[in-house]
Structure formats: C-alpha cells, structure tokens
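This report concerns the internal empty space of a protein model and the strands around that space. Please consult the sequence and the structure shown here while reading.

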Amino acid sequence: MTSPESAVRVLIVDDQALFREALAALLEVQPEIEVVGEAGDGEQAVRLAAELRPEVVLMDLRMPVLDGIAATSRLRVEQPDVRVLALTTFDDDADVFAALRAGAVGYLLKDVSSARLVEALVAARRGESALQPSVAAKLVARVARLPHEETPPQPAVPLSERELDVVRLLSDGHSNREIAGKLFLAEGTVKNLVTSVLSKLQVRDRTQAALRARELRLF
C-alpha cells in the first residue's frame, strides 16, 4: 500500500506470524502509518532496520534468537535515530523497566486500541513517551523501590519550576499538546521546555528524562 510521505515508517517485530500479519493489515489502512517490513525475532529486526530504515520499530519483547530488550539495546547503539515502541502481552515490572532502560520510548500492551496505537507511533517518531497508565504506575513504583545502593546521590540539576511541571506530566505519558493544556501554555513553549529538560538531564528522549528525574528525586 502506498502511503503519503508524512506517514510514519514502521517495522513490526513479533514472533507470532498470525499476530504480526494481522497487525500489519490493521496499520496499513491507517493514512498516518506505512508498514515497511516485518520481523520474527530481534536479530532479524536489527538487520531489517538497517536495510529498511524505519522511523519506529514496534517491538515485542519475548522472542527467540534475540529478545526484544536485547534488540532494543542494539538499535539504540547501532541506529540511534530509530525509535522503539514496545508492544507486548506482559506488563510486569521487570519487563517494563528493562525495556525502557534499553532505550524504548514507550511501552504498550497488546490490548491497546488501534487509535491509541496509531497515536503512540506518531508520538514515538517525535521522541515522545507512550505509556499506558498501568505501565506508568508500575514504572513509578519500580523506581521508588530501588535500593539506595542502586541510586547513589547525584549532583543537583537546575530545573526551573516550570520544567519540573513538564517532567512530572511527561512522566505520566502526556503529549506536548496535553501538557500545554494542563499548564495553560502554548504547545511551542512546551516543546522548548522539553528540549531544555532533555539537555539539562543529559538524556535523549522523554522516557529517559522521566527515569532520570525520578532517580535524582526531583519530584
């Protein structure tokens, strides 16, 4: 199917062929999405990503040969411009934390609606987080439970009060538009604030910013 140039180029990675094919069929009819390929394991995903140059990889986690977390780590190093959005059946703390640590910009479950999935893929291309509320809650709880030795004291980061407001909201998975509405700011202003936050926290995306801010106990 031919898609407009503005469509998000997506590579689907899942070891279940039937699910993978059904998901591709679902996404291919969405004008915002162009499915550029499918992979059945993480090793194939890394190889195809280098060949097909997707903007977003929709990544299952538990797969043979090379699992989704290991594949995400490799993509982060080998192809840092590619965004990874985890799509899985499992939402246990270990998987959520490991996937985001590996570099995934978002984490969704396979019962997500098609509209929400398309929205998340578009957001992922922009580097925005896409976390289901239940997953965001698990992430917050997981970070809060880290033993002291895993989170040694860090130097203070001079975030302004407004930047802290932005970090709090993006950590809950809100888009720039949603943050702008909640803080009564222009969307462009929020975008600039997010850019400033990423720079000050020395991270590359919104999900990593949320994790970093919680590790530093900024809120």
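The text below describes a cavity, its lining and the strand pairing beside it.

The model is predicted. A search of the whole structure finds one cavity of 30 Å³ or more, and the volume of the largest cavity is about 30 Å³. Its lining consists of Ile12, Val13, Asp14, Phe19, Leu23, Leu58, Met59, Asp60 and Leu87. Three elements, β1 (8-13), α1 (17-28) and β3 (56-59), each give two or more residues to this lining. By class, seven of the lining residues are nonpolar, none is polar and two are charged.

Strand β3 deserves a separate description. Val56 and Leu58 point one way from β3, whereas Val57 and Met59 point the other way. All four of these residues are buried. Leu58 and Met59 are also among the residues that line the largest cavity.

The pairing of β3 with two other strands is set out in the table.

| Strands joined | Bridges | Direction | Residues paired |
|---|---|---|---|
| β1 and β3 | four | parallel | Ile12 and Leu58 |
| β3 and β4 (residues 83-88) | four | parallel | Val57 and Val84 |

Ile12, which stands opposite Leu58 in β3, is likewise one of the residues lining the largest cavity. On the β4 side, Val84 is the bridge partner of Val57.

How are β3 and β4 arranged with helix α3, and which hand does the unit have? Together, β3, helix α3 (residues 68-78) and β4 make a β-α-β unit that is right-handed.

Conventions:
Residues numbered from 1 in each chain as written. Predicted model: local features only at pLDDT ≥ 70, side-chain atom pairs only at ≥ 80, totals over all residues. Heavy atoms only, no water. 1 Å grid on protein atoms, 1.4 Å probe; cavity = no way out; pocket = protein on both sides within 12 Å on 5 of 7 lines; lining within 4 Å. Points joined across faces, edges and corners; volume = space filled by probe spheres on them. Nonpolar A, V, L, I, M, F, W, Y, C, P; charged D, E, K, R; others polar. Buried < 20%, exposed > 50% of the residue type's maximum accessible area, 1.4 Å probe, protein only. Pairing = 2+ DSSP bridges. Right-handed = clockwise from strand over helix to strand, strands pointing away.
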